[in-house]
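Me: Please take a close look at one part of this chain, the annotated transmembrane region and the residues around it, and set it in the context of the whole model.

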Amino acid sequence: MAILWSQPMIYFCLGVGLLFSILTRFLQVRHFKEMIKLMMEGKSSKAGVSSFQALAIALSGRVGTGNIAGTATAIGFGGP
């Protein structure tokens, strides 16, 4: 478990994130204004889901899964 949270692994994760940012030419920064504009527009797709609803669904899935996994990890390491 110590190798998973070691400094080289943290630097590796940061390096991979930077590599992907460079390969996509910092897409997350270049299109930030357009992303906010589309999210606030409120238009629905043909399936009936707006951009904001899609964001809320994606975030709820990640946060919910993180809460379950975090609780299981905490109980596993420290007990109830």
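Reply: The accessible surface of the protein chain amounts to about 7000 Å², and 73% of that area belongs to carbon and sulfur atoms. The model is a predicted one. Of its 80 residues, 4% count as buried. The radius of gyration of the protein chain is 18 Å, whereas a compact globule of 80 residues would have a value near 12 Å. Along the principal axes, the C-alpha trace extends over about 45 × 35 × 15 Å. The protein chain contains four helices and zero strands, so that its elements read α-α-α-α from the N terminus on.

Against this background, the part in question can be considered. An unreviewed UniProt entry carries the annotation "transmembrane region" for residues 6-27. In the model, this span is 82% helix and 0% strand, and its end C-alpha atoms lie 29 Å apart.

The N-terminal side of the region may be taken up at Trp5, which is located in the segment before helix H1 (7-23). Trp5 counts as exposed because its relative accessibility is 62%, and the cut-off for that class is over 50%. Trp5 also belongs to a nonpolar surface patch, together with Ile3, Leu4, Met9 and Phe12. The accessible area of these residues together is about 590 Å².

Further along, Ser21 is found within helix H1. In contrast to Trp5, which is exposed at 62%, Ser21 counts as buried because its relative accessibility is 11%, with the limit for burial set at under 20%. When neighbours within four places in sequence are left aside, Ser21 is in contact with Phe26 and Gln28.

One of these partners, Phe26, lies in the loop between H1 and H2. Its relative accessible area of 37% makes Phe26 partly exposed, a class that lies between the two cut-offs of 20% and 50%. Phe26 is a residue other than glycine, yet its phi is positive, near 55°.

Arg25 occupies the loop between H1 and helix H2 (27-30) as well. Arg25 is likewise not a glycine and has a positive phi of about 55°. With a relative accessible area of 58%, Arg25 is exposed.

In the loop that follows H1, then, Arg25 is exposed and Phe26 is partly exposed, while Phe26 is also in contact with Ser21, a buried residue of helix H1.

Note on methods
Residues are numbered from 1 along each chain as its sequence is written. This is a predicted model: local features need pLDDT of at least 70, side-chain atom pairs count only at pLDDT 80 or more; totals for chains, interfaces and linings use all residues. Side-chain values use heavy atoms; hydrogens and water are left out. UniProt positions are given in the numbering used here, feature names are shortened, and annotations may be inferred rather than shown by experiment. Helices (H or I, at least four residues) and strands (E, at least two) are DSSP runs, numbered from the N terminus. The radius of gyration is taken over C-alpha atoms; the globule rule is 2.2 Å times the number of residues to the power 0.38. Buried means under 20% relative accessible area, exposed over 50%, partly exposed in between (1.4 Å probe, protein chains only). Accessible areas come from the Shrake-Rupley method with a 1.4 Å probe; for residues, only the protein chains shown count as cover. Patches are made of residues with over 30% relative accessible area and no salt bridge: like charges are joined within 9 Å, nonpolar side chains (Val, Leu, Ile, Met, Phe, Trp, Tyr) within 5 Å. A salt bridge is a side-chain nitrogen of Lys or Arg within 4 Å of a carboxyl oxygen of Asp or Glu. Contact means heavy atoms within 4.5 Å.
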